[in-house]
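Please look over the protein shown here before reading the briefing, which is arranged by topic.

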Amino acid sequence: MPDLSETPEANLDPRIVRHLQPGEKVMWQGAPRPGTFLSPIALALCVFFIVYGLLALFGLADRYVIVPGDPFTLQRIGPALLLVAGPGWLLHWMWTERGANWAYAITDRRLLSVRGNTLVRSVEPKEIRSFEYRQDVAYWRYLNPRVRNRTIGREREKRYPGFHGLEDSEDMVDTLNAWAEDFTARAGEDAAAFVERTRSVAEYDDPPEGVQRIRHEDTGLTIDVPDGWSTTVSLDRIGPLRIFGITLLERFIQSGKERAYANGIRWNSLTVRGAPDAGLNLTVLDEPLQKTLEQVRDDPWAKRFDLKLMQSTPGLEIGGLRGFSLVRRMPAGANLANFGKVAAPVATRHAWLGRGGMHVEIIGMARLDQPDVQDAIDAMIDSIRGLGDDAAGR
């Protein structure tokens, strides 16, 4: 298994260096084997058609193949140029995409795929659901199904985002799993620090150091989250799905574009991620809270997917909002809405809180073996503040 120790700066691939963030350290770098992404058959066909087009243009192929028109006439030039230009463009594209132009890196923050001077892919561990391998490829599957593959290149690289042309792809998967586990451990440390900072201060108007306050501009609702965790927001369309006046689904969510949170951005869906199998999703709905604890607790889907009820809290009141919550245990491999498939057994806290004509739905997730992260999820939910003077401050 490759040693994930810092690579000396003098040994770094210049193609990788130009895309590093300030203070970012490279723990491993590599490149595909020569010939990766190049098909000998495709290369041979391109060269054949280019040569044939040139021979046809000069009339040197007429003895073997019937070609319309005489050499250098309009009738001959058009087809000949097509035979040269089409394969010529394809040959240029294949040569640009060849494995020798690619470089890969594992850093202390993310995974990088570089082609030439272009950063094709930058992926943090909290975006990855699992690592897998096939033949000479160690690739990953994304946690969030809404993540778009922005790769411009070969279909093989798009279908299997990861490191191609490896000598031992299975060994690389072990390395990547170890790398991701380190982030999971660090998420626990960040979570413990967040809990300490928020609960050691009885009241505060401004969040303490290391705590980020997220604000929903339309309602004034706020939630505090660890500053080191990523926060993305989107403006989703939420409502019933109707076709020809027939309601097929009572609630259908059309996801909006995800972007990093910043003050003033309008949103109704917030996702906070700390590491694989750790995070929180909050959705603001412009409608009264109608669900009940009994409806949610007795959901037949929970039984079907073996979700064990661990705790329920009726009459929950947080920050001027009222509702209920419950905690369930999910086995490894279960699929959690907005997060995808979990790699390890997790505890999920679902909360429904409302006031007047609006309510919020929250899903928090943490691994069972990470109590600090579970406490951080609780602290985030407890930090929610709603509308009105009684919900302002702490």
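The notes below cover cores, single residues, strands and a surface patch.

This is a predicted model, in which local features need pLDDT of at least 70 and side-chain atom pairs count only at pLDDT 80 or more, while totals for chains, interfaces and linings use all residues. Residues are numbered from 1 along each chain as its sequence is written, and side-chain values use heavy atoms, with hydrogens and water left out.

**Nonpolar cores**

- The largest nonpolar core (a set of buried Ala, Val, Leu, Ile, Met, Phe, Trp, Tyr and Cys residues joined through side-chain atoms within 4.5 Å) has 35 residues, and those with the most contacts inside it include I223, L280, M380 and I384.
- Helix α8 (residues 371-382) supplies the largest share of this core, six residues; helices (H or I, at least four residues) and strands (E, at least two) are DSSP runs, numbered from the N terminus.
- Another core, of 21 residues, lies apart from it and has F37, W102, F163 and A180 among its members.

**Two buried positions**

- L270, in strand β14 (residues 269-275), counts as buried because its relative accessibility is 0%, where buried means under 20% relative accessible area, exposed over 50% and partly exposed in between (1.4 Å probe, protein chains only).
- Leaving aside neighbours within four places in sequence, the contacts of L270 (heavy atoms within 4.5 Å) include I214, I223, V233, L280 and L282, and the C-alpha atoms of L270 and L280, 10 residues apart along the chain, are separated by 8.0 Å.
- S169, in helix α5 (residues 169-199), is buried with a relative accessible area of 5%, and beyond four places in sequence S169 touches Y133, R134, Q135, D136, V137 and A138.

**Strand β3 and its partners**

- Both faces of β3 are covered, since L111, S113 and R115 on one side and L112 and V114 on the other are all buried.
- Strand β2 (residues 102-107) pairs with β3 in the antiparallel sense over five bridges, where pairing requires that DSSP finds at least two bridges between two strands, and Y104 has S113 as its bridge partner in β3.
- β3 also pairs in the antiparallel sense with strand β4 (residues 118-123), over five bridges, and in the hairpin of β3 and β4, with two residues between the strands, G116 takes a positive phi near 65 degrees.

**Surface**

- L55, in helix α2 (residues 40-57), counts as partly exposed because its relative accessibility is 32%.
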